[in-house]
Amino acid sequence: MTTDVTERTALVELADVSKYYGNIRALEGVSLEVHAGEITCVLGDNGAGKSTLIKIVAGLHQHDAGTFRIEGEECRPASPREALDRGIATVYQDLAVVPLMPVWRNFFLGSEPRKGFGPFKRLDVDLMRRTTHAELLRMGIDLRDVDQPIGTLSGGERQCVAIARAVYFGAKVLVLDEPTAALGVKQSGVVLKYVARARDAGLGVVFITHNPHHAYLVGDRFVLLKRGTMVGSHTREEITLEELTRQMAGGNDLDDLRHELERAPR
């Protein structure tokens, strides 16, 4: 008799991960899973531990306790390059782009293909232009001129270029650090659309945000952090937007504050 195995191996799994800086507890006992074709949203206010979590997954910092697995294998990435080699690409909120360089140059920044031999080796500019336009178009971004400086694009468009770049260079897991934080409603919608396209392309996405409405539009799993600890972990089927917003806003703490602020009867 054979057993039907329905559990999928997570692309990334953190189990009871903790991180300390001296006597300061940055993270304690945080767990999450990231699966192919799914979006795991990590929600929390400033100081909740989101940045520390990003740094651990991206290979910038190593955890002090708990387990970090990539595709079932326990690991401890020692650098962002090692994490990237394992398929984890991180797009930070401030975006590592050179504003005056053209879009195609930023798309290939640090990984430029070359042609020719020996002293005649040079950048393959035509290939980079064609590839950048094709990959952006595949993600639904129709830029007529990839020679324009990337600084002329809107914030949402720059985020989308970074997402398309990660997909092109073979990322399996895409970590997005507050991609909609500095954007208006329309541009946030543009970014969320491309986040969903990355998911539909088979990537596992970690979407860091403090906005429960944006998270609920695209999320499959939700992890809530507060002061370095995990205060909630839910699948989409287990929680409504209203409850997610309530927990994000403080839940019982908010109810207690409301009672404190109520006017006494005159």
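Is Phe169 buried, partly exposed or exposed, and at what relative accessibility? Phe169 counts as partly exposed, at 36% relative accessibility. (Buried means under 20% relative accessible area, exposed over 50%, and partly exposed in between, with a 1.4 Å probe and protein chains only.)

Before the close-ups, a word on the model: it is predicted, so local features need pLDDT of at least 70 and side-chain atom pairs count only at pLDDT 80 or more, while totals for chains, interfaces and linings use all residues. Residues are numbered from 1 along each chain as its sequence is written, and side-chain values use heavy atoms, with hydrogens and water left out.

**View 1. Four rings, Phe107, Phe108, Tyr168 and Phe169, make one aromatic cluster.**
A pair of aromatic rings is described by the distance of the centres and the angle of the planes. Rings of Phe, Tyr and Trp (its six-membered ring) pair if their centres lie within 6.5 Å; planes under 30 degrees apart are stacked, over 60 edge-to-face, and the rest tilted. Seven aromatic pairs turn up in the structure. Take Phe107 and Tyr168: with centres 5.7 Å apart and planes at 50 degrees, this pair is tilted. Phe107 sits in helix H3 (residues 103-107) and Tyr168 in helix H5 (residues 155-168), so the two rings tie together parts that are 61 residues apart in sequence. (Helices are DSSP runs of H or I with at least four residues, strands are runs of E with at least two, and both are numbered from the N terminus.) Phe107 is buried at 0% relative accessibility, whereas Tyr168 is partly exposed at 34%. Now look at Phe108 and Phe169, an edge-to-face pair with 5.8 Å from centre to centre and 80 degrees between the planes. This pair also links distant parts of the chain: Phe108 is in the loop between H3 and strand S7 (114-115), and Phe169 is in the loop between H5 and strand S9 (173-177), 61 residues apart. Phe108 is buried, at 3% relative accessibility.

**View 2. Glu73 and Arg86 meet in a salt bridge.**
A salt bridge here is a side-chain nitrogen of Lys or Arg within 4 Å of a carboxyl oxygen of Asp or Glu. The whole structure has 15 of them. For Glu73 and Arg86, the N to O distance is 3.4 Å. Glu73 belongs to strand S5 and Arg86 to the loop between helix H2 (80-85) and strand S6 (88-91), so the pair ties together parts that are 13 residues apart in sequence. Glu73 is partly exposed at 46% relative accessibility, and Arg86 is partly exposed at 27%.

**View 3. Two salt bridges sit within helices, one of them between Asp85 and Arg81 in helix H2.**
The side chains of Asp85 and Arg81 come to 3.8 Å, N to O. The two are four residues apart in H2, so about one helical turn separates them. Both Asp85 and Arg81 are exposed. Over in helix H8 (residues 241-249), Glu243 and Arg246 are three residues apart, again about one helical turn. The closest N and O atoms of their salt bridge are 3.6 Å apart. Glu243 has a relative accessible area of 28% and Arg246 one of 31%, so Glu243 and Arg246 count as partly exposed.

**View 4. Strand S11 (residues 221-226) pairs with S3 and with S12.**
Two strands pair if DSSP finds at least two bridges between them. S11 and strand S3 (residues 39-43) run parallel, with four bridges joining them; Thr40 has Arg221 as its bridge partner in S11. Arg221 also belongs to a network of salt bridges with Glu33 and Glu38. S11 and strand S12 (residues 229-235) run antiparallel, joined by six bridges, and Val223 stands opposite Ser233 in S12. In the hairpin of S11 and S12, two residues lie between the strands, and Arg227 takes a positive phi near 50 degrees.

**View 5. Asp16 and Glu71 are two more residues with a positive phi.**
Asp16, in strand S1 (residues 12-21), has a phi of about 50 degrees although it is not a glycine. Glu71, also not a glycine, has a phi near 50 degrees. Glu71 is in the loop between strand S4 (65-70) and strand S5 (73-74), and is partly exposed, with a relative accessible area of 42%.
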